[in-house]
Amino acid sequence: MCGIIGCVGRGDETLDTLVHGLSKLEYRGYDSAGVAMASGGVDLCKTAGKIEDLRDALSSVSLSGSVGIGHTRWSTHGPPTNANAHPHQDCTGDVAVVHNGIIENYQSLRDELVSAGHTFTSDTDTEVVPHLIEDELADGAAPEAAVRSAISRLEGSYAIATVIAGTEAVFAARHDSPLVLGLTEGATFLASDVPAFRDFTDQVIYLDDGEFARLDADGWAVSTLDGSPVEKEVNVVEWDPEETGKSGYDHYMLKEIHEQPRALRQCLRGRVDEMAGTVDIEDLGDLSPTGVQFVACGTSYHAALYGAQLFREAGIPAQAFLASEYATAVPPIGDALVVGVTQSGETADTLSALREARKRGARTMAVTNVVGSTAARECDHAFYIRAGPEIGVAASKTFSTQLAALNLLMLGMTNEEGAREVIAALRELPGNVQRILDESNAEAVAETYRDADSYFFIGRGYQFPVALEGALKMKEITYKHAEGFASGELKHGPLALVTENTPVFAVVTGDGEQARKTVGNVKEVEARDAPVVAITDGQSDVGRYADHVLELPETHPRAAAVLANTHLQLLSYHTAALLGRNIDKPRNLAKSVTVE
């Protein structure tokens with residue numbers, strides 16, 4: 001994995017189009033890149049490193065052709081080297097392939113091919129594919145038939161695109177890894193994500209599992225792997241390509257942190273009636289679940305923990321599960337609604353969990369940001385968070401809108417007492433987030449603790465998932481050790497790690513029992529000389545025991561979680577900037593994890 005681009009119909013601009021598409025996929029995370037062009041033969045250029053390294057390499061070679069494919073790789077099989085970069089070729093050099101996913105039976109296929117005389121030049125699982133195609137061509141198969149036959153032998157997950165010498169076409173197929181077509185007059189595009197070609201068209205077709213696509217001078221055709229034609233709906237992408245630029249900010253992440261007021265307005269628009277105290281999600285139908293099981297990964301799992309608490313407080317049994325664990329050890333489901341929280345709608349572990357739930361007869365829902373994503377298409381229901389495109393690898397505005405969307409979902413499904421108060425707080429969220437963006441002193445706090453050994457984040461109730469998310473952001477983009485805890489768990493082990501160089505960030509809102517207990521935990525770490533940063537609305541006396549305070553406007557505890565998170569996003573961002581980290585492309589990470 002991680003990013004695929006293909007193009008037919010751009011003539012002499014094909015190579016530039018491929019490299020441009022790869023640059024638009026950089027946000028997905030990668031460690032090498034390459035392109036292949038086909039005409040009478042196949043010309044290829046690839047290199048470990050960044051897109052700029054590929055551009056440098058292309059300046060000294062000549063690639064020609066009117067069809068081509070490209071790839072940005074995030075290592076799974078084999079380290080990031082020139083040899084392991086995609087595209088991969090067969091022994092003749094007439095076939096080139098790019099691939100996202102993991103071919104689980106690659107070793108047996110490789111052993112078979114080596115025994116038959118094939119020579120391999122990489123450590124990757126992908127390289128078996130061009131050799132399989134080579135064998136089919138040698139046996140007399142036509143190019144398209146050769147690709148279909150080769151793909152039929154693969155086990156695992158894949159999004160594959162290939163070009164073959166003498167064939168003015170790109171062939172592609174998917175299983176458990178996303179592919180989307182882009183359509184415009186005279187040209188057709190193929191990519192793992194829409195931003196790769198959004199500058200050229202807003203007309204898209206989402207491929208489903210088991211589908212095969214051919215792109216050539218006549219346009220496109222989609223069929224099943226065995227050749228049966230498939231009718232596909234053409235969708236229109238509603239966001240503007242300018243939304244994926246930095247708009248003058250130093251980093252995408254900072255831009256997207258500052259986009260949160262707008263993202264929250266988009267999430268709420270048309271769904272809440274503050275005067276009536278109601279939420280309208282009638283387009284989802286009558287859900288009325290007797291229980292809810294959330295499945296998610298990473299940041300989305302933290303949102304799921306928050307969502308599960310919302311439903312429990314409304315009297316509906318609810319749990320949040322790590323999708324990777326749920327998929328392999330499914331708990332009793334009964335009549336529960338299984339909700340996958342996934343920004344991209346393509347997270348492999350979450351898709352596996354949802355599919356396993358459906359096999360067991362459960363109703364499923366995707367809470368996602370991407371219209372037309374696999375999760376949105378496969379689930380019985382889809383609820384969109386409407387955050388707009390997010391390019392930074394570390395999630396920011398999508399987490400905030402996930403929390404808002406889960407509030408709307410719960411309020412729309414239940415007759416919770418006090419709904420009017422929550423709705424009023426949700427409507428105030430965009431303005432309150434903007435206030436924090438304008439007034440936060442998180443940068444000064446980051447400067448104070450930039451050299452800390454570790455960072456601890458604590459909270460209770462709705463603030464516990466925020467503590468987990470604050471720690472995750474710190475880990476992701478600063479590469480510093482950080483942990484989030486339920487406040488009461490500190491004394492059950494982690495307190496042994498607290499020192500004068502371990503700042504503790506305590507999220508404390510309101511003045512109820514949870515706040516008082518967390519203040520007690522703050523006193524425990526203060527007594528052990530740990531510096532304390534309180535993220536608080538001032539209703540408790542936690543500020544008395546804190547070295548620094550990040551202030552929150554007074555609001556409902558559910559909305560306060562979003563506001564506290566904004567401070568912690570800024571804290572992590574500024575710490576990473578002070579440390580000189582690659583904030584938008586943190587090492588070893590990808591935006592969308594499409595392999596299990």
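Start at the largest pocket, which holds about 840 Å³ of space. For the record, a pocket here is an open set of points on a 1 Å grid over the protein atoms alone, where a 1.4 Å probe fits, with protein on both sides within 12 Å along at least five of seven lines; lining residues have an atom within 4 Å of a point. The volume is the space filled by probe spheres set on the points, which are joined across faces, edges and corners.

Before you click further, know that this is a predicted model: local features need pLDDT of at least 70 and side-chain atom pairs count only at pLDDT 80 or more, while totals for chains, interfaces and linings use all residues. Residues are numbered from 1 along each chain as its sequence is written, and side-chain values use heavy atoms, with hydrogens and water left out.

**Stop 1: the pocket lining**

Select V237, W239, N369, V370 and V371: of the 36 lining residues, these lie nearest the pocket's centre. Now colour the lining by type, and you get 17 nonpolar, nine polar and 10 charged residues. In this scheme Ala, Val, Leu, Ile, Met, Phe, Trp, Tyr, Cys and Pro are nonpolar, Asp, Glu, Lys and Arg are charged, and the others, Gly among them, are polar. Next show β11 and β14 (235–236), each of which gives the lining at least two residues. Strands (E, at least two residues) and helices (H or I, at least four) are DSSP runs, numbered from the N terminus.

**Stop 2: the nonpolar cores**

Which residues touch the most other members of the largest nonpolar core? Pick F294, M365, L409 and F457, out of 86 residues in that core. A nonpolar core is a set of buried Ala, Val, Leu, Ile, Met, Phe, Trp, Tyr and Cys residues joined through side-chain atoms within 4.5 Å. Buried means under 20% relative accessible area, exposed means over 50%, and partly exposed is in between (1.4 Å probe, protein chains only).

Zoom in on F294. Setting aside neighbours within four places in sequence, its contacts are A304, G307, A308, F311, Q319, A320, F321, V339, V341 and L406; contact means heavy atoms within 4.5 Å. There is also a second, separate core of 27 residues, with A33, L58, F189 and V237 among them. You have already met V237, one of the residues nearest the centre of the largest pocket.

**Stop 3: helix α5**

Select residues 143–151. The buried residues of α5 are A146, V147, R148, A150 and I151. What lies over them? The cover includes α4 (128–138), β7 (156–164), β8 (169–175), β12 (211–216) and β13 (219–224).

Stay on R148, which is buried at 14% relative accessibility. R148 makes a salt bridge with E144, with 2.9 Å between the closest N and O atoms. A salt bridge means a side-chain nitrogen of Lys or Arg within 4 Å of a carboxyl oxygen of Asp or Glu. Because R148 and E144 are four residues apart in α5, about one helical turn separates them.

**Stop 4: more salt bridges**

The model has 28 salt bridges by that rule. Take D199 and K24, whose side chains meet at 3.8 Å, N to O. This pair links distant parts of the chain, 175 residues apart: D199 sits in the loop between β10 (187–191) and β11 (203–206), and K24 in helix α1 (residues 14–24). D199 is partly exposed at 39% relative accessibility, and K24 is partly exposed at 23%.

Now jump to helix α10 (residues 348–359), where E356 and K359 are three residues apart, about one helical turn. Their closest N and O atoms are 4.0 Å apart. K359 is exposed, at 67%. Finish by selecting R174, D176, D209, R355 and E378, which are joined into one network by salt bridges that share partners.

**Stop 5: backbone oddities**

Most residues other than glycine have a negative phi, and most peptide bonds are trans. Against that background, try three selections:

- H86 and P87 are joined by a cis peptide bond, with omega about 5°; P87 is in the loop between β4 (67–73) and β5 (88–89).
- S288 has a positive phi, near 40°, in the loop between β16 (278–279) and β17 (292–296). S288 is partly exposed at 48%.
- D529 has a positive phi of about 70°, in the loop between α16 (513–526) and β25 (532–536). D529 is exposed at 56%.

Last click: P178, in the loop between β8 and β9 (180–184), is buried at 5% relative accessible area.
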